[in-house]
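Open the model in your viewer and get ready to click along. We will move from one selection to the next and see what turns up at each stop.

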Amino acid sequence: MTDENQSRLDKILAEIYDNISYEQFKQTHPGDMGLIDEFVSVMLDVLLSEGGVIRINGEVKSRELVQRQIMKLEYADLEYVLMQFKQQTERIQKKPQYILSMLYQSRLERNAHYTNWAQST
């Protein structure tokens, strides 16, 4: 890897860490850091992708659209994905694709989940 590529990787990784408040996860979910790191790895793969499209739930999405959605993720989104992932009782066959789908849809689902929860109490 060239110094330029390593610098780009480090910059993107730092931006992800900042967006999701990675240090806060270390304090609030220390036992889940391996899983959080898997989420970050999937996010990094998407952000470094140079292909024109990315598949989410079998649907073709533009790379730019998926990358924008991933860059919007913050602590609450990843915490929601973590909660949902840990509640999954069936074996996940294609874990990176499953995680990507959860990450991509997390903002919309999290908002809908909490709106529904607030209205039902």
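This tour of a predicted model starts with a helix and then goes on to the core and its aromatic rings.

**Stop 1: helix H1**

Select residues 3–20, which make up helix H1. This helix has 18 residues, and from its first C-alpha to its last it reaches 26 Å, close to the 26 Å expected at 1.5 Å a residue.

Now colour Leu 9, Ile 12, Ile 16 and Ile 20, the buried residues of H1. Turn the view until you look down the helix axis: these buried residues fall within an arc of 70°, so they line one face of H1. What lies on the face turned away from the buried side of H1? There you can pick out the exposed residues Asp 3, Glu 4, Lys 11 and Asp 18.

Next, show what covers the buried residues of H1: the cover includes H2, H3 and H5. Before leaving, click on Ser 21, just after H1, where phi is positive at about 55°.

**Stop 2: the largest nonpolar core**

Which residues touch the most other members of the largest nonpolar core? Select Phe 39, Ile 70 and Leu 103, which do so among its 31 residues. Several elements give two or more residues to this core: helices H1, H2 (22–28), H3, H4 (63–71), H5 and H6 (95–120), along with strand S1 (53–56). H3 gives the most, with 10 residues.

**Stop 3: around Phe 39**

Zoom in on Phe 39. Its relative accessible area is 0%, which means that it is buried, since the cut-off for buried is under 20%. Leaving aside neighbours within four places in sequence, Phe 39 is in contact with Leu 78, Val 81, Leu 82, Phe 85, Ile 99 and Leu 103.

**Stop 4: the aromatic rings**

How many aromatic pairs does a search of the whole structure find? There are 4. In one of them, Phe 39 and Phe 85 meet edge-to-face, with 6.0 Å from centre to centre and 75° between the planes. This pair links distant parts of the chain: Phe 39 belongs to H3 (residues 33–48) and Phe 85 to H5 (residues 75–87), and the two are 46 residues apart.

Is Phe 85 buried or exposed? Phe 85 is buried, with a relative accessible area of 13%.

Finally, add Tyr 98 to your selection: with Phe 39 and Phe 85 it forms one aromatic cluster.

Conventions. Residues are numbered from 1 along each chain as its sequence is written. This is a predicted model: local features need pLDDT of at least 70, side-chain atom pairs count only at pLDDT 80 or more; totals for chains, interfaces and linings use all residues. Side-chain values use heavy atoms; hydrogens and water are left out. Rings of Phe, Tyr and Trp (its six-membered ring) pair if their centres lie within 6.5 Å; planes under 30 degrees apart count as stacked, over 60 as edge-to-face and the rest as tilted. Helices (H or I, at least four residues) and strands (E, at least two) are DSSP runs, numbered from the N terminus. Buried means under 20% relative accessible area, exposed over 50%, partly exposed in between (1.4 Å probe, protein chains only). A nonpolar core is a set of buried Ala, Val, Leu, Ile, Met, Phe, Trp, Tyr and Cys residues joined through side-chain atoms within 4.5 Å. Contact means heavy atoms within 4.5 Å. The expected span of a helix is 1.5 Å times one less than its number of residues. The arc is that of the directions from the helix axis to the C-beta atoms.
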